[in-house]
Amino acid sequence: MHTPVTIIGAGLGGLTLARVLHLHGIPVTVYEAESSPTVRTQGGMLDIHDYSGQLALKAAGLMDEFHAIVLEGRQATRVLDPDGTVLLHKVDDGMGGRPEVQRGDLRQILLDSLPAGTVRWGHKAGSTRALGGGRHEVTFDGGGTVVTSLLVGADGAWSRIRPLLTTATPEYAGTSVVETYLFHADTRHPAAAKAVGGGLLIAPSPGKEIFAHRENGDTLHTYVALTRPQDWFAAIDFTDAAAATARIAREFDGWAPELTALIAEGDTAPVLRPQYALPTGHRWDRVPGVTLLGDAAHLAPPNGDGANLAMLDGAELGKALAAHPDDIEAALTEYEQAMFPRSAEATTFEGGAVPGIDSEHNTAQSLINMITEKSQ
């Protein structure tokens, strides 16, 4: 295949696609809005699944590099009731199939696997238009355009490429997450550190829950999820870190102090992240010369699958293009026909259906029951 591929977005999905194309000798350029790979931190921990994300890394020829960045012991899981009762303490025996890595480290091994100049930094897509015959033009904010016969939108929730294919737009999913960090937790926040243990803590409750990951060293990364309308969060002044922290913590009055410490003792200002989603089962009719992957194609609230699916999308699209070097449309059709049902599958945790956060069944015991049923 000699048709150059233009990818918009240098996230995990876009970079996986670029790497697979590079291995097959297919010319590719990635345009990324950020000015450099270090302009911001790349998020927290990711569990890379053996049935999706790891398959993508195998296709990319990066399994050795992946194993080198795995944080040992982080597959340990603790499930707690709001009163602090530990209902599950699952150790990491290395057999869980979902090793944990830092997102930034994973992105870096993908970047390092590409020839210099593959990623063009500081190119934010502003507008797009179809030119006919499967060709499209992308205009970048600040000037410059690119015309391509094969365009891939890997540009996330608010994709500028998506309107070429569909009128669907993300809608608020009813829940927002507030993030914070605790540093040097074992010495400065010992109760919270003990509650989290060596890996992941989950403390669910109808309408609210606390997740926390142990990242590099003794850093704890907390995600506090609340099912509230957007105007409820808008009434909180997140520029006042102390007041915002106190307001979020009040929603967990009566919870065990080692859990509320994950919020109240945060060493960073709380960051609000509203959750958005595209319609369930979102798909589009085939449009020549363009497709989507990852959140641009199937945005959903965080469920542990997003990054894995984006990487698998990228790998599968790359393999399809390599398998049909003289027929782009056959490759895109093959990719989309597999991607649509894959991304529409029910949200799972350890293979079981997970109730929504606002469900009365969003409890620690329900989660334990689901995990137990799966193990049997």
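How many bridges join β8 to strand β9? Keep that in mind while we go through a few spots in this model.

1. Some ground rules. This is a predicted model, where local features need pLDDT of at least 70, side-chain atom pairs count only at pLDDT 80 or more, and totals for chains, interfaces and linings use all residues. Residues are numbered from 1 along each chain as its sequence is written, and side-chain values use heavy atoms, with hydrogens and water left out.

2. Back to the question: six bridges join β8 to β9 (residues 135–140), and the two run antiparallel. Strands here are DSSP runs of E, at least two residues, numbered from the N terminus; helices are runs of H or I, at least four residues. Two strands pair if DSSP finds at least two bridges between them. For one such bridge, look at Ser-127, whose partner in β9 is Thr-139.

3. Now the sheet itself. It is open, with three strands in the order β8-β9-β10 and antiparallel pairing. β8 (125–132) and β10 (145–148) are the edge strands, each pairing on one side only. From one strand to the next, the twist averages 20° (axes are lines fitted to C-alpha atoms, and angles run from 0 to 180 degrees between N-to-C directions).

4. Have a look at β13 (residues 200–205) too. Six of its six residues are buried, where buried means under 20% relative accessible area with a 1.4 Å probe, protein chains only. One side carries Leu-200, Ile-202 and Pro-204, the other Leu-201, Ala-203 and Ser-205.

5. What does β13 pair with? β4 (residues 77–80) runs parallel to β13, joined by three bridges, and Thr-77 has Leu-200 as its bridge partner. β14 (residues 208–214) pairs with β13 in the antiparallel sense over six bridges, with Ala-203 opposite Ile-210. β13 and β14 form a hairpin with two residues between them, and Gly-207 in the turn has a positive phi of about 85°.

6. Finally, the empty space. On a 1 Å grid over the protein atoms alone, a cavity is a set of points where a 1.4 Å probe fits but cannot get out; lining residues have an atom within 4 Å of a point. Grid points are joined across faces, edges and corners, and a volume is the space filled by probe spheres set on the points. The whole structure has one cavity of 30 Å³ or more, and the largest holds about 50 Å³. Its lining includes Val-178, Thr-245 and Pro-270; β12 (171–182) and α8 (241–250) each supply at least two lining residues.

Key:
On a 1 Å grid over the protein atoms alone, a cavity is a set of points where a 1.4 Å probe fits but cannot get out, and a pocket is an open set with protein on both sides within 12 Å along at least five of seven lines; lining residues have an atom within 4 Å of a point. Buried means under 20% relative accessible area, exposed over 50%, partly exposed in between (1.4 Å probe, protein chains only).
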